[in-house]
Amino acid sequence: EGRLPDRLTIPVLGCTLLMMLIVGDLTAIAAAATGAAGAALLKLAASAAIGWGDVKLVPTLALVLAHDHAVAEGVLL
């Protein structure tokens, strides 16, 4: 439905990923990859449970949460 368009999610992910590379937070980068894979698998397994916009947003959220050591809180919320 275009609620989370590529022109928003892709640049935000790119900038966030670049910042994590600059500060050297490899744990956050691994969390983003894991989150993206999990969201994509969920989308493929249960298409109605999550939209593609959510799948595109998960890596950015995982980067930020892992960098702040708040993954557990983010998953619970």
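User: How many salt bridges does the structure hold, and what makes the contact between Asp6 and Lys56 count as one?

Analyst: This predicted model holds 1 salt bridge. The side chains of Asp6 and Lys56 meet at 2.4 Å, N to O. The cut-off is a Lys or Arg side-chain nitrogen within 4 Å of a carboxyl oxygen of Asp or Glu, so the pair qualifies. Asp6 belongs to helix H1 and Lys56 to helix H3, so the salt bridge ties together parts that are 50 residues apart in sequence.

User: Why are Asp6 and Lys56 called partly exposed?

Analyst: Happy to go through the numbers! Asp6 has a relative accessible area of 41%, and Lys56 has 26%. Partly exposed covers the range between the buried limit, under 20%, and the exposed limit, over 50%, so the term fits Asp6 and Lys56.

User: What about Asp54: how do you know which class it belongs to?

Analyst: The relative accessible area of Asp54 is 38%. That value is neither under 20% nor over 50%, so Asp54 is partly exposed. Asp54 is also in H3, which spans residues 52–67.

User: What is the span of H3, and how does it compare with the one expected?

Analyst: From its first C-alpha to its last, H3 reaches 24 Å, close to the 22 Å expected at 1.5 Å a residue for its 16 residues. There is also a kink of about 30 degrees at Val58, shortly before the proline Pro59.

User: Which residues of H3 are buried, and what do they pack against?

Analyst: Gly53, Val55, Pro59, Thr60, Ala62, Leu63 and Ala66 are the buried ones. They pack against H1, helix H2 (26–45) and helix H4 (71–76).

User: Why does His69 count as exposed, and what is notable about its phi?

Analyst: His69 has 72% relative accessibility; the limit for exposed is over 50%, so the label applies. His69 sits in the loop between H3 and H4. Its phi is near 55 degrees, a positive value in a residue other than glycine. Most residues other than glycine have a negative phi.

User: What makes Leu18 eligible for a nonpolar surface patch?

Analyst: Leu18, in helix H1 (residues 6–23), has a relative accessible area of 49%. Patch residues need over 30%, so Leu18 passes that test, though at 49% it is called partly exposed. Leu18 forms the patch with Met19, Ile22 and Val23, and together they have about 400 Å² of accessible area.

Methods. Residues numbered from 1 in each chain as written. Predicted model: local features only at pLDDT ≥ 70, side-chain atom pairs only at ≥ 80, totals over all residues. Heavy atoms only, no water. Helix = DSSP H or I, 4+ residues; strand = E, 2+ residues; numbered from the N terminus. Buried < 20%, exposed > 50% of the residue type's maximum accessible area, 1.4 Å probe, protein only. Patch = residues over 30% accessible without salt bridge, like charges linked within 9 Å, V, L, I, M, F, W, Y side chains within 5 Å. Areas by Shrake-Rupley, 256 points an atom, 1.4 Å probe, with all protein chains shown as cover. Expected span 1.5 Å × (residues − 1). Bend = angle between axes of the 7 residues up to and from the residue. Contact = heavy atoms within 4.5 Å.
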